[in-house]
Amino acid sequence: MTPELIGRRSFLARTGTGLVLAGASSVLLPPRSAWAAPAKVGEPAPGFTVNATNGSPVGLSSYKGKIVVLEWTNHDCPYVRKHYETGNMQSLQRDATAQGVVWLTVISSSEGTQGYVTPPQADELTTSRKAAPTAVLLDTKGTAGKLYGATNTPHMYVVDKGGVLVYAGAIDDRPTSRRADVQGANNYVKAALDAVAAGQPVKTPVTRAYGCTVKYS
């Protein structure tokens, strides 16, 4: 590489133009300011509006003053099936909503990918699995998923009454698809909800989500 090219690369790095040079070729990338940073624990939860299965738009801002759980899901994912086939996810949903928590199940699978469902199919799954979310949101464009940096199914988030994201990560500490591992697992979501309800800080606010990758378009 010539001194002139080296100098040019240094200049571009300093000015943040997003131009990456490699030999004789170049690739244009958006500047960092054009990339939305994913949601961060301890900061206000990003707002979004996504249609529910009944076609009505659901905005996070509608639940100001309430604790909100966001559950990213894919019904065909074995890791998700682990928690639904054992009734673990439904139990969490029922216990939370009985305490006034808003539970939003989010499906970000794009059309033609694993986990994609139509509104009637999503409603049928809710009924057949005896699930109990407040609403199921069809985020087929991945708008909310990418905003939160949801990478896996299940990927769980808890937002407190002040609108602050207080937990993000796995549902529990057993990163397997084995149903037997549900029993005895440390459920991070339940622990976070219990802490928030008691006015205490969440002991483990960030964990690494496990499961199938979210099938974005």
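User: Which two cysteines does a disulfide join here?

Analyst: Keep in mind that this is a predicted model. A search through the whole structure turns up one disulfide. Its sulfurs sit 2.2 Å apart, and the link is right-handed, with 90° about the S-S bond. The pair is Cys77 and Cys212.

User: How many residues apart are the two ends of that link, and where does each one sit?

Analyst: The disulfide ties together distant parts of the chain. Cys77 is in the loop between β5 and α2 (78–85), while Cys212 belongs to strand β11 (residues 212–213). The separation along the chain is 135 residues.

User: Is Cys77 buried or exposed? And what about Cys212, buried or exposed?

Analyst: The cut-off for buried is under 20% relative accessible area. Cys77 comes in at 0%, so it passes. Cys212 has 13% relative accessibility, so that end also counts as buried.

User: What is the strand order in the open sheet of five strands?

Analyst: The pairing in this sheet is mixed. Neighbouring strands are turned by 15° against each other on average, ignoring direction. β7 (135–138) and β10 each have a single partner strand, so they stand at the edges. Reading across, you get β7-β6-β5-β9-β10.

User: How many bridges join β9 to β5, and how many join β9 to β10?

Analyst: Take β5 (residues 68–72) beside β9: the two run antiparallel with five bridges, and Val68 has Val159 as its bridge partner. β9 and β10 (residues 165–169) are antiparallel too. There, Tyr157 is partnered with Ala168, and Met156 stands opposite Gly169. So the counts are five bridges for β5 with β9, and four for β9 with β10.

User: Which residue takes a positive phi in the hairpin of β9 and β10?

Analyst: This hairpin has five residues between its strands. One of the hairpin's residues has a phi near 85°, and that is Gly163.

User: Why is β9 described as largely enclosed?

Analyst: In a regular strand, side chains alternate between the two faces of the sheet. In β9, His155, Tyr157 and Val159 are buried on one side, and Met156 and Val158 are buried on the other. Strand β9 (residues 155–159) is therefore largely enclosed by the rest of the structure, with five of its five residues buried.

User: Which element gives the most residues to the largest nonpolar core?

Analyst: That core has 26 residues, and those with the most contacts inside it are Met156, Val158, Tyr167 and Leu193. Elements giving two or more residues to it are α2, α3 (88–98), β9, β10 and α6 (188–197). With six residues, the top contributor is α6.

User: How many residues are in the second, separate core?

Analyst: Tyr148, Val159, Leu165 and Ala168 are among its members. Val159 is also the β9 bridge partner of Val68. The second core's total is 23 residues.

User: What does the side chain of Ser108 make polar contacts with?

Analyst: Ser108 is found in the loop between β6 and α4, and its relative accessible area of 2% makes it buried. Beyond four places in sequence, residues it touches include Gly145, Val214 and Tyr216. Its side chain makes a polar contact of 2.6 Å with that of Asp139. The side chain of Ser108 makes another, at 2.8 Å, with that of Trp72.

User: Which side chain does Asn152 join in a polar contact of 2.5 Å?

Analyst: Asn152 has its place in strand β8 (residues 152–153) and is buried, at 12% relative accessible area. Leaving out residues up to four places away, it touches Cys212, an end of the disulfide, as well as others including Trp72 and Tyr210. The polar contact, though, is with the side chain of Thr151.

User: How far apart in space are Gly115 and His75, C-alpha to C-alpha?

Analyst: Gly115 lies in the loop between β6 (102–107) and α4 (119–128), and 2% relative accessibility puts it among the buried residues. Its contacts beyond four places in sequence are Asn74, His75, Asp76, Ile107 and Ser109. Gly115 and His75 are 40 residues apart in sequence, but in space the distance is 5.7 Å.

Methods: Residues numbered from 1 in each chain as written. Predicted model: local features only at pLDDT ≥ 70, side-chain atom pairs only at ≥ 80, totals over all residues. Heavy atoms only, no water. Buried < 20%, exposed > 50% of the residue type's maximum accessible area, 1.4 Å probe, protein only. Contact = heavy atoms within 4.5 Å. Pairing = 2+ DSSP bridges. Polar contact = N/O pair within 3.5 Å; in protein donor to acceptor, adjacent residues only side chain to side chain. Disulfide = S-S within 2.5 Å. Core = buried A, V, L, I, M, F, W, Y, C linked by side-chain atoms within 4.5 Å. Axes fitted to C-alpha atoms, helices over the stretch in contact; angles between N-to-C directions.
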